[in-house]
Amino acid sequence: MAQIASTQLLLTPNEMGMADKAAVVAGESAFTLMASAGKAVADAIMTRWSKHSVLVMAGPGNNGGDGFVIAQALLQHGWPVTLAFMGQIDVMSEEAQAHAKAWQGEWQTLSPTQLENAELVVDALFGAGLSRPIEGVAHDMLEAVAQSGLPVCAVDVPSGLDGETGQVFGVTVNAELTVTFFRKKPGHLLFPGRGLCGELMVADIGIPVTVLDELNLQTWENNPELWYQKYPWPRLDGHKFHRGHAVVYGGETMTGASRLTARGAMRIGAGLVTLAAPIKAWAVYATALTGVMVAKLEQSQETEDFEELLLDSRHNAIAVGPGAGLAGFERIRTRKIALTALLTGRATVLDADALSAFSEDPQILFDAINGPCVMTPHEGEFMRLFPDINNSPEINNTPEIKKNHPDNKLTRARLAAKQSGAVVVLKGADTVIAAPDGLAIINSNAPAELATGGSGDVLTGFIVGLLAQGMEPFDAAAAAVWMHGEVGNDIGAGLIAEDLPDHLPKVLSTFKTQYFS
Ligand SMILES: NC(=O)C1=CN([C@@H]2O[C@H](COP(=O)(O)OP(=O)(O)OC[C@H]3O[C@@H](n4cnc5c(N)ncnc54)[C@H](O)[C@@H]3O)[C@@H](O)[C@H]2O)[C@@H](O)CC1
Ligand SMILES: Nc1ncnc2c1ncn2[C@@H]1O[C@H](COP(=O)(O)OP(=O)(O)O)[C@@H](O)[C@H]1O
Ligand SMILES: [K+]
C-alpha cells in the first residue's frame, strides 16, 4: 500500500525528522531544504494576502529557521516585516544560523507589544520539535495572538499543536493557513488539530520520495487511492450471486436503524440483502422493505433461527447492532446473535448495541472474533468496550508530554484493533480506521452534517455491503467511511440519515468516472 498511495502517507514529527535526515544523507542540503520550506510559505502568503504589515515570530529551532527565510523573502518583495525572535542563535542548527544571518531587517525580541502594528502574523515559533507544554513569553505571545483576532499563517503546525496527536500543549493559535512540508502529519487531521490549521497546504521542498522506503510507515489519510483498485465494481457478466448476500439483524423496537443499514448495503451494491427480524416486528419490516428480503425469527428461538439462516453459506456478510436492542432480555439476545454471527467465521460488522451489549465482559466478544470483523464504535461505545486503553503501557510509555494528554485517537484505535482482533472504525469527525496489524487510516472528508441519528447505521450498511462483495475488512471500512463522507458533502445542510443511501449512486458515479474510465 505504501507505494500505491505515497501521497496519502502521514508522518509523525519524529518520522518527519527521520525523512529529513535521510534526505540529507541522500545528498540534499539542509540549508536548501530550509530555503525551499521558507520560500514555499512566503509564496503561499503572497498568493493569499495582499501586501500587509507582517510580524514573523521565529522560535529557537528549525521552525524559527524557516521564519527567517520567510521574513527575508517577504522583505525582498517590499512587505513591511517585523522579526520577533525567541531563542539563542548560537545553539541553532547550522542551516538556521545561516538563514538568520541572511536576514537583512531588524531583530526584535519576542513580545506581545509587537502585535500593535501587525496586520498578519507568521507563526514560526515551534513545529515538529515541540517537546513540552508552552510557557513563559511564548505562551503569553500566542495567547495575545489568539486574542488579537489577526490572521495567522502557521509554519508546519500552529505552535503548541502536537503533530502526532492533534492535541494542544499549553496554548496555540487558530491559523487561517498552515503550510507544512513533504507530507501531512496525523495532528493536522485529528481534532482539535484539524480545526486549528485552517487551510492546509503541503509544499514539496525537494525531499526525495525514496526516503519513505526506509521508514516503516503505517498511517494514511483516507482517499480512494488507497483502495480503489480493490473496489468491487459489478462485472459485465455479473450475476446477483456474484455480488454477495448480506444479512442484517433487525431488532424489535428500533426498527428504523437496521432498515437504514439494509438500504445502505443494497445501495453500495450487495447482490442480495436479507433482514432477519424477530416475529413480533416482522410485519413492520416486511411492509416497509421492498428490495430487501425479510426472514422470520420465531419467538424464543431467534438465535436458533438466525443460526439456521446462516447455514446457507451464500450469506457471506453479516451486520449486527443497529436497533438490535439492549433493554432487558434483548441484551442477552443481541449478545447471542452477535456471537452466532462471529461463529460462522464470515465477514461481520458489529455496531451500536452489538458493542454495548458486551460492556460488562468485552473479552467474551474479543475471544469470539476469529474471522474478518469490523467494529464501528463511536466514542461512547469505544469507552464501554475498551475502558482500560488509556491506562495501557503503550500510551503510558509515551513521553511525558503525551502522557498528560492520553487522548490519542490514532493510538487508541490501533490498540483496540490489536486487542480485539477486529478492524476498528472509531467514529467521529476524524474517524480512524485501524487494523490489528497496526495499519491505520484517518478520514478527513466527513462534514458535520453527518452527526445525525441513523447516519452510523447507514455506514454499517455500506461496510457490510462491501464485505458481501468480497472486499477485505480494512479496505471495505476505509471505502465505506470515505463514501459516507462524500455523500454527506453532496447532500450538505438539511441532511437526514434516510438521504444517505439514496445519494450514494451520484457519489459512486463520480467515483467511477474518476477512477475507472
Ligand atoms: N522536516 C523537514 O523536512 C524540514 C523541517 N523544517 C522545519 O523544522 C522544524 C522542526 O525543527 P526542530 O526539530 O528544530 O523543532 P522546532 O523548531 O519545533 O523547535 C525545537 C526547539 O524548541 C525547543 N522547544 C520545544 N518545545 C518547547 C517549549 N514548549 N518551550 C520552549 N522551547 C521548546 C526545543 O528545545 C528546541 O530547541 C519543522 O517544524 C519545520 O518547520 C524545515 O526547515 C525544512 C525541512
Ligand atoms: N462532527 C462530525 N463531523 C463529521 N462526521 C461526524 C461528526 N460526528 C459524527 N460523525 C459521523 O456520523 C456518524 C454517526 O454515527 P453514530 O454515532 O453511530 O450515530 P447513529 O447511531 O445515530 O447512527 C459516524 O459515521 C460519524 O463518524
Ligand atoms: K509553527
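**Exercise 1.** How many bridges join strand 4 (residues 120–124) to strand 5, and do the two run parallel or antiparallel? Trace the connection between them as well.

*Solution.* The model is predicted. Start with the pairing: strand 4 and strand 5 are parallel, with 3 bridges between them. One partner pair is Val-121 with Val-152 of strand 5. Next, follow the chain: from strand 4 it passes through helix 5 (residues 136–148) before reaching strand 5, and this β-α-β crossover is right-handed.

**Exercise 2.** Find what pairs with strand 5 through Ala-154, and decide whether the faces of strand 5 are buried or exposed.

*Solution.* Ala-154 is opposite Thr-178, which belongs to strand 6. Strand 6 (residues 177–181) runs parallel to strand 5 and is joined to it by 3 bridges. For the faces, recall that side chains in a regular strand alternate between the two sides of the sheet. In strand 5 (residues 152–155), Val-152 and Ala-154 lie on one side, Cys-153 and Val-155 on the other. These residues are all buried, so both faces are covered, burial meaning 20 or more other C-beta atoms within 10 Å.

**Exercise 3.** Describe the shells around ligand 1 and ligand 2.

*Solution.* Ligand 1 has 29 residues around it, the closest being Gly-61, Asn-62, Asn-63, Gly-127 and Gly-129. By class they are 16 nonpolar, 9 polar and 4 charged. Helix 1 (13–25), helix 2 (30–48) and helix 3 (62–76) each contribute at least two residues; helix 3 gives the most, 5 residues.

Ligand 2 is surrounded by 18 residues, and Lys-427, Ala-429, Ala-446, Ala-451 and Gly-456 come nearest. This shell holds 8 nonpolar, 8 polar and 2 charged residues. Helix 18 (residues 455–468) gives the most, with 4 residues.

Definitions and conventions: Residues are numbered from 1 along each chain as its sequence is written. Chains are lettered from A and ligands numbered from 1 in the order in which they are written. This is a predicted model: local features need pLDDT of at least 70, side-chain atom pairs count only at pLDDT 80 or more; totals for chains, interfaces and linings use all residues. A residue is near a molecule or strand if its C-beta atom, placed from the backbone, lies within 6 Å of it. Ala, Val, Leu, Ile, Met, Phe, Trp, Tyr, Cys and Pro count as nonpolar, Asp, Glu, Lys and Arg as charged, and the others, Gly among them, as polar. A residue is buried if 20 or more other C-beta atoms lie within 10 Å of its own, exposed if 12 or fewer, and partly exposed in between; C-beta atoms are placed from the backbone. Two strands pair if DSSP finds at least two bridges between them. A crossover is right-handed if, with the strands pointing away from the viewer, the path from the first strand over the helix to the second runs clockwise.
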